[in-house]
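Colleague: I'd love a close look at one part of this protein, the packing of its aromatic rings. Could you start there and then work outwards at your own pace?

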Amino acid sequence: MTSATTEVLTTKLSHRLLTQCQHKHLPLRSTIPYCAAVSTCFVLCLYIFVPSTVRRLPRDDVRHIKWRLFAVFVFTTMSICVYPFIFCFDEEKVTGDDGGGNRFPALHIMGWSPFHPARDLLILLHVCCLYLGPFVASFLKIHVARKNVVMYDGFVTTTKRGSIPPAVGYIQATREVALLPLSNRLSNIQSDPALFWGIIRDLIVAPFAEEIVFRGMIVPALLSSHLSPTTTSWVSPLFFGTAHLHHAYLRLQSKLESTRIVWLTTLVQFSYTSLFGAYVSHAFLRTGSLVGVTLGHSFCNYWGLPNLGFLSKTDRSELSCVYGFRWIISVMYVIGMIIFGIGFRSGNWSFFPEESVLPSLLLMSE
């Protein structure tokens with residue numbers, strides 16, 4: 001490739017990414033293979049760019065984590081650069097109807113808009129509604145701990161009657177149940193590089209990279225193929241869920257679990273990631289913001305699936321101490337889901353803009 005050709009390609013790329021992109025409306029027979037290729041290559045990069053000697057290390061080994069972060073960075077950078085050449089018209093070839101309408105930078109279409117608190121934090125708040133039950137359970141754990149507990153590593157268990165220690169109050173209970181475990185965790189992060197890099201991977205890089213790829217580069221492509229926003233929200237997460245299936249291969253290779261357990265766990269994971277992907281795809285369609293959906297993604301990665309230990313009276317769960325409040329917590333779960341559902345509606349209770357952003361950027365009706 002000559003220097004002149006490189007300069008032309010660089011100029012075109014910067015122009016489409018940062019200035020104007022007249023987005024193409026390719027047929028589904030083109031966009032579906034594109035989406036499949038993107039999701040497949042996202043997984044393959046973890047094998048192609050990571051040396052085999054490193055891949056054999058444990059997943060939480062520092063070297064393994066760093067190599068994977070490097071692989072993801074290379075792939076996402078390449079994907080962002082390739083997108084405009086596939087989906088943006090050449091300026092000299094734009095004629096007639098193709099050249100009409102507004103034009104936005106490709107980065108804007110892919111969700112790279114500045115942080116907007118009123119928009120992005122509302123997505124995070126909307127996600128928090130699903131965790132109303134866990135929030136209440138955490139408070140009730142402190143409520144129980146204030147007078148009637150023995151505490152170890154953040155666990156709370158009631159003592160036998162007659163041997164109850166004196167009340168310690170909410171401040172001391174909060175310190176023992178919440179603040180001390182948090183302080184210990186922060187200390188461990190400082191002293192344990194594997195834990196530190198694991199958090200960087202799980203809460204920062206992985207959510208951001210996945211949103212760039214599976215929302216920023218797949219959702220606009222599907223929507224521009226004249227799929228409705230609703231259909232796009234349900235189709236795009238299938239690629240997101242499928243990209244996680246390689247975990248089954250790794251677990252089968254380890255031979256630490258039975259094949260039945262591996263596939264059952266994989267089915268549950270695929271269902272969860274697809275449902276979650278449908279939500280963040282909808283949020284991305286409505287807001288056009290990678291920042292908002294990344295915040296929601298990171299929050300879910302941190303909290304994980306809800307802990308239902310409050311439904312058990314045994315001491316095997318850290319929430320068994322709030323078993324007596326199980327009905328209150330269960331009702332809070334239901335209320336949280338109701339608020340979450342109401343948040344999709346238009347009007348004063350909506351957590352999203354009145355007009356969906358992404359369809360307007362692609363000059364498409366909702």
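Modeller: Happy to! F42 and F214 are both buried. Please keep in mind that this is a predicted model. Searching the whole structure turns up 21 aromatic pairs. One of them joins F42 to F75: the ring centres are 5.9 Å apart and the planes stand at 70°, so this pair counts as edge-to-face. F42 sits in helix 2 (residues 28-48) and F75 in helix 4 (residues 62-87), so the pair links distant parts of the chain, 33 residues apart. F75 is buried, and F42 is too. What arrangement do the rings of F42 and F214 adopt? Their centres lie 5.3 Å apart and their planes are at 75°, so this pair is edge-to-face as well. Here the two residues are 172 apart along the chain, with F42 in helix 2 and F214 in helix 9 (residues 193-216). F42 therefore has a ring partner in F75 and another in F214. As for why I keep quoting two numbers, a pair of aromatic rings is described by the distance of the centres and the angle of the planes.

There is another group of rings to find on your screen. Y131, F135, F299, Y302 and W303 are connected by ring pairs into a cluster.

Helix 2 and helix 9 each have something else to show. In helix 2 you will also find L44. L44 is partly exposed, because its relative accessibility is 39%, whereas F42 is buried. From the C-alpha atom of L44 to that of A71 is 9.5 Å, with their positions 27 residues apart in the chain. In helix 9, have a look at P193. With a relative accessible area of 46%, P193 is partly exposed. The C-alpha atoms of P193 and V62 are 6.8 Å apart, although 131 residues separate them in sequence.

Helix 9 also brings us to the charged side chains. The structure has 6 salt bridges. In one of these, R201 meets D60, with the closest N and O atoms 2.9 Å apart. This pair again spans distant parts of the chain: R201 belongs to helix 9, D60 to the loop between helix 3 (52-55) and helix 4, and 141 residues separate them. Is R201 buried or exposed? R201 counts as buried because its relative accessibility is 10%, and the cut-off for buried is under 20%. D60, in contrast, is partly exposed, with a relative accessible area of 46%. D60 also forms a salt bridge with R59, at 3.9 Å from N to O. R59 is partly exposed too, at 46% relative accessibility. Salt bridges link R59, D60, R201 and D202 in a network. Another salt bridge joins R63 and D61, whose closest N and O atoms are 3.6 Å apart. R63 is exposed, at 52% relative accessibility.

Let's move along to T287, which is in helix 13 (residues 259-287). T287 is buried, with a relative accessible area of 2%. Its side chain reaches the backbone oxygen of A283 at 2.8 Å. Leaving aside residues up to four places away in sequence, T287 touches R119, I123, F352, P353 and V357.

On the surface, L130, V334, M337, I338, I342 and W349 make a nonpolar patch of about 600 Å². I338 is in helix 15 (residues 326-342) and is partly exposed, at 48% relative accessibility. For a backbone detail, try H226 in the loop between helix 10 (219-223) and helix 11 (229-242). The phi of H226 is near 70°, a positive value in a residue other than glycine. H226 counts as exposed, at 59% relative accessibility.

To finish, here is the wider view. The chain has 16 helices and 2 strands, and 41% of its 366 residues are buried. Of the contacts between residues at least 6 apart in sequence, 74% join residues at least 24 apart. The chain exposes about 19700 Å², and carbon and sulfur atoms supply 65% of that area.

Note on methods
Residues numbered from 1 in each chain as written. Predicted model: local features only at pLDDT ≥ 70, side-chain atom pairs only at ≥ 80, totals over all residues. Heavy atoms only, no water. Helix = DSSP H or I, 4+ residues; strand = E, 2+ residues; numbered from the N terminus. Buried < 20%, exposed > 50% of the residue type's maximum accessible area, 1.4 Å probe, protein only. Contact = heavy atoms within 4.5 Å. Areas by Shrake-Rupley, 256 points an atom, 1.4 Å probe, with all protein chains shown as cover. Polar contact = N/O pair within 3.5 Å; in protein donor to acceptor, adjacent residues only side chain to side chain. Patch = residues over 30% accessible without salt bridge, like charges linked within 9 Å, V, L, I, M, F, W, Y side chains within 5 Å. Salt bridge = Lys/Arg side-chain N within 4 Å of Asp/Glu carboxyl O. Phe/Tyr/Trp six-rings, centres within 6.5 Å; stacked < 30°, edge-to-face > 60°.
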